[in-house]
Amino acid sequence: MKKTLLTTSALAAMMAGTALVPATASAQEIRFMCYSDGNECEVYDDVIDRFEEANPGVTVAVDVVPYQAILENLPVQLAAGEGPDLAKVTDLGGLNEYYLDLEPYVDAGYWDESFGGTLDWYRGGEDRQGIYGMHSQLTVTGAFVNATLFEQAGVDLPGEGATWEDWADASRQVAEATGAPFPMAIDRSGHRVAGPAISYGAALFDENGDAILVDDGFTAFVQQFVDWHEDGTIARDVWAGQGGQTYQDAAQEFINGDLVFYYSGSWQVGRMDEQVGDFFDWQVVGSPCGPAGACSGMPGGAGIVGFAETEHPEEVAALIDFLAQEDVYGEVAARTRNIPAHLGVAAAGVEFQDASDGAKAALNGFAGSLPDIHPAAFAYQGYAGNRAMFGITVERVSQAIVGELTVEEAMERAASDLAEAMAETN
């Protein structure tokens, strides 16, 4: 699909004294690689339509791709110099070497005021300057529970401060009483298990700020995680049914009513709202607590970045700057039902469109869990090498789950993998 880009940000840029797309620019096409958790690409498609009237010489081709293409194909394309002009990405700091610095084209003061600390997530490495991306979709990991199954089983939902063990016990009781096939599931993702690992005491970094991944706390959670797979507490096929570092969620099992407790994140709210309907009542309960005293999830999300190899840097920067303007950003957040990373939009509040009362409560619940997120989780999300660490986690923990390695062996391999990955980047 092709959309016309115009910088309504041109008006803001004009007032801010920043560079504009020349009015006499010849016909140019910008390619935007986009994936959706819900309706994000559809909404961006609609917003970009507004650019056609004001700037008919520039068009935007919105290439909608599966999330796996963002994880696996996009880095290969960028390394080969064949990437799109801009994309929606989740490996925020890890792809920094390819990003277009937007700072020469935008009002840096506005961006600093609007996006604060999330700008660091895109900077990567030692360079803590520049503006390399707009955090379009702030996410928080946490748990969804099937409240109807709890009610049918006569089991109370564990309350505030409940531990992972409390939720495991309760979910097993509910599954046994109702015949639900699966008590618990966690997405097959190194990012998704990071919060629970931190809550079990994982530090992830040493006192010098260097990545370590494996320590006593991390190992303790992995051992518990493997044990829960062995005793049937956790749906085995989510992790054991895939190979390598492949991502897999368990959203469909939850939507089908087969899963009591599902640990995923705020990006799933729209999907739950639309697909569960009135089939059953569901709630968001945040992140359980671990023996280390933390009750941490992981922050994250997606952002829109331009790439330095683009032949149209001014146009790409202008488009991203337009999407970063408070009125546009707020509209997109409302229509896509995402937690805003734009501080002005968050402060003003978002009236989420076409969302049920339950979905609004869920989004507010996720937003309310932000203060519980451990500093190590924020550091991990902003670490340029986190993609390698996430992948190592998935691969080695999966091998322990299926019995290819003991937990001890898997952790030794994970530590060795990380050392090799770090050596390659130095």
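Let's start with Trp 282, which in this predicted model touches a whole list of residues beyond its neighbours up to four places away in sequence. Among them are Phe 144, Val 145 and Ala 147, then Phe 254, Val 269, Met 272, Asp 273 and Val 276. Gly 358, Ala 359 and Ala 362 are also touched by Trp 282. What else can we say about Trp 282? Together with Trp 111 and Met 134, Trp 282 touches the most other members of the largest nonpolar core, a set of 135 residues.

**Helix α18 and two of its residues**

Helix α18 covers residues 386-402, and Ile 401 lies in it. Thr 393 has its place in α18 too. Is Ile 401 buried or exposed? Its relative accessibility is 2%, and the cut-off for buried is under 20%, so Ile 401 counts as buried. Thr 393 is buried as well, because its relative accessible area is 3%.

Who do these two meet? Leaving aside neighbours within four places in sequence, Ile 401 is in contact with Phe 225, Val 226, His 229, Arg 236, Trp 239 and Ala 240. Thr 393, not counting residues up to four places away in sequence, touches Gly 190, Val 193, Leu 213, Phe 218, Trp 239 and Ser 398. So you'll find Trp 239 on both lists.

Here's a fun one on distance: how far from Ile 401 is Gln 223 in sequence and in space? The two are 178 residues apart along the chain, while their C-alpha atoms are 9.4 Å apart.

**Two helix pairs**

Now for how some helices cross. Helix α17 (residues 375-382) and α18 have axes that come within 8 Å and cross at roughly 105°. Angles of 65 to 115 degrees count as roughly perpendicular, and α17 and α18 are therefore roughly perpendicular to each other. At this crossing, Tyr 380, Gln 381 and Gly 382 from α17 meet Asn 386, Met 389 and Phe 390 from α18. Sort those contact residues by type and you get three nonpolar, three polar and no charged.

The other pair is α13 (residues 313-324) with α14 (residues 326-336), packed at an angle of about 70° with axes 5 Å apart. That angle makes α13 roughly perpendicular to α14. Phe 322, Leu 323 and Ala 324 are the α13 residues here, and they meet Glu 326, Val 328 and Tyr 329 of α14. What types of residue make up the contact of α13 with α14? Five are nonpolar, none is polar and one is charged.

**The disulfides**

How many disulfides does the structure hold? There are two, and here they are:

| Disulfide | S to S | Torsion about S-S | Handedness |
|---|---|---|---|
| Cys 34 to Cys 41 | 2.1 Å | about -105° | left-handed |
| Cys 289 to Cys 295 | 1.9 Å | 90° | right-handed |

Counting bonded cysteines along the chain, the pattern is 1-2, 3-4.

What about burial? Cys 34 counts as buried, at 0% relative accessibility, and its partner Cys 41 is buried with a relative accessible area of 4%. In the other link, Cys 289 is buried at 9%, whereas Cys 295 is partly exposed, with a relative accessible area of 25%. Why does Cys 295 get that label? Because partly exposed sits between under 20% for buried and over 50% for exposed, and the value for Cys 295 is 25%.

Technical notes
Residues numbered from 1 in each chain as written. Predicted model: local features only at pLDDT ≥ 70, side-chain atom pairs only at ≥ 80, totals over all residues. Heavy atoms only, no water. Helix = DSSP H or I, 4+ residues; strand = E, 2+ residues; numbered from the N terminus. Buried < 20%, exposed > 50% of the residue type's maximum accessible area, 1.4 Å probe, protein only. Contact = heavy atoms within 4.5 Å. Axes fitted to C-alpha atoms, helices over the stretch in contact; angles between N-to-C directions. Parallel < 35°, antiparallel > 145°, perpendicular 65-115°, else oblique. Nonpolar A, V, L, I, M, F, W, Y, C, P; charged D, E, K, R; others polar. Core = buried A, V, L, I, M, F, W, Y, C linked by side-chain atoms within 4.5 Å. Disulfide = S-S within 2.5 Å.
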